[in-house]
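Biologist: Hi, I'm new to this one. Could you put it up and walk me through it?

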There are 2 protein chains.
Amino acid sequence: MAGRPREFDRDQALEKARDAFWARGYEGTSMADLVSALGLASPRIYAAFGSKEDLFREAVALYEANEGGFATRALAEEPTARRVIERMLREAVETYTRPGRPQGCMVVSAATNCAVENDSVLHWLAEHRLARTVSIVERLKQGVRDGELKPDTDAETLGDYYATLMHGLSVQARDGVPKERLHALITVAMQSLDARLIRGA
Amino acid sequence: MAGRPREFDRDQALEKARDAFWARGYEGTSMADLVSALGLASPRIYAAFGSKEDLFREAVALYEANEGGFATRALAEEPTARRVIERMLREAVETYTRPGRPQGCMVVSAATNCAVENDSVLHWLAEHRLARTVSIVERLKQGVRDGELKPDTDAETLGDYYATLMHGLSVQARDGVPKERLHALITVAMQSLDARLIRGA
DNA sequence: TCAATTCTTTGTCGATCGATAAAGAATCAT
DNA sequence: ATGATTCTTTATCGATCGACAAAGAATTGA
């Protein structure tokens, strides 16, 4: 077993692929683009990653494990629903507007206008977005159970509200709206949650 | 002058093109898709519309003149900033979730992940989105001047906030979130504006 | 040393991309 | 009627799409 060793760093190549897909999306990034971005001939890419779609799915997984993982991290690390939501939104803005990096959210913008033959990719990303909405809603429900939020709080609606706002943030960031303005509107949006808070909880 | 008359209805063909682009985006809709959707051989399409990009721009203009024109209509027809914002959001939801129609906003989703050679289309739609944000901000500033909103209201931030939410609504609608849930979150979002209202104005 | 294995390189595959040339068909003005 | 004009049809263009065959190069275990 084990023949000639690979001459390039697979992880490093995957990072470059993630950035390319993040910036231009699944269909917006051609194999020729990847060849040039990764500095690898196409048979080397296919040997290491299988297909363009396989590479894309790995790239999204890498994104979600790092830059795009702010929601998961906020959910895991913050003690209150209030802090989870605000940190998630603030880190979303930071991630979506980082200078010298692709703008917006890879999960939101990498496959919105797709040809029919790539519907599987489109639906896969949609499921990721819906799963994120569900996790936000669940956390708010937990906040109600914990006595952090008023008992009559509609957690699903509030979760939909923040998920919708977060997806909108990605669009705005891609359009070049500066991060200061995005942070300012988050301050407005946090008031909806503050209104549901039980003081001193 | 005036040779053989055109055998098909140009306006009707444009509507079909608008629906195709609305559903699948600029690059997601191929000329072959258009040929099949319009029921016209490609030379007839080129003769009537010039190029795929010209056709797309006309299709977007048609969208904005009808289904996508709710923001403009609300701004023109509603007497208060409060009513403009709510009607705009409610009609956005209705438009984005209409059964049997393409879901979401054509301006938001038709060109997000584009190849480099179609950057012009992408930027053109981005400008449309930014112009919509500006018009919302301007209307809120007017509300402050009219004495409808409290004098210390940050109209730009509030406008950014509603524009962001509206763009997020398009993503959610495309993901299949039912319109009842979207209407519910709008009710939450309207409280941010209600908090800035001067009672009895 | 030498088969077995794996990676790299070169060249190219069929399909599809947007777009058009050329010829036939139908209308106009005269 | 006839020439000018415009639309429709058929066939196809070169470029690019994602993907791979085949051969050479480098490492392994025996």
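Modeller: Sure, two terms to begin: contact means heavy atoms within 4.5 Å, and helices are DSSP runs (H or I, at least four residues) numbered from the N terminus. This is a predicted model, where local features need pLDDT of at least 70 and side-chain atom pairs pLDDT 80 or more, while totals for chains, interfaces and linings use all residues. Residues count from 1 along each chain as written, chains are lettered from A and ligands numbered from 1 in written order, and side-chain values use heavy atoms, without hydrogens or water.

Biologist: Okay, what covers the buried residues of α3(B)?

Modeller: The cover includes α1 (10-24), α2 and α4 (52-65) of chain B.

Biologist: And which residues are buried there?

Modeller: B:Ile45, B:Ala48 and B:Phe49 are buried in α3(B) (under 20% relative accessible area with a 1.4 Å probe, protein chains only; exposed is over 50%). They sit on the same side of α3(B) because they cover an arc of only 75° around the axis, going by the directions from the helix axis to the C-beta atoms.

Biologist: What's exposed on the other side of α3(B)?

Modeller: B:Pro43 and B:Ala47. Just past the end of α3(B), B:Gly50 has a positive phi of about 95°.

Biologist: Switching to the DNA: which residues come nearest to strand C?

Modeller: A:Arg4, A:Glu7, B:Met31, B:Tyr46 and B:Lys52, out of 23 residues around DNA strand C. Here a residue is near if one of its heavy atoms lies within 4 Å.

Biologist: What share of the strand C atoms within 4 Å of the protein is sugar and phosphate?

Modeller: 70%.

Biologist: Which phosphate contact does B:Tyr46 make?

Modeller: One of its polar side-chain atoms is 2.8 Å from a phosphate oxygen of DNA strand C; a polar contact is a pair of N or O atoms within 3.5 Å. A:Gly3 uses a backbone N or O atom, 3.1 Å from a sugar or linking oxygen of DNA strand C.

Biologist: Which helix gives the largest share of the surface near strand C?

Modeller: α3(B), with three residues.

Biologist: And for strand D, which helix gives the largest share?

Modeller: There α3(A) does, also with three residues. A:Met31, A:Tyr46, A:Lys52, B:Glu7 and B:Arg44 come nearest, of 22 residues around DNA strand D.

Biologist: What does A:Arg4 contact on strand D?

Modeller: A base nitrogen, 3.2 Å from a polar side-chain atom of A:Arg4. On the other chain, a backbone N or O atom of B:Glu7 is 2.6 Å from a phosphate oxygen of DNA strand D.

Note on methods. Polar contact = N/O pair within 3.5 Å; in protein donor to acceptor, adjacent residues only side chain to side chain. Helix = DSSP H or I, 4+ residues; strand = E, 2+ residues; numbered from the N terminus.
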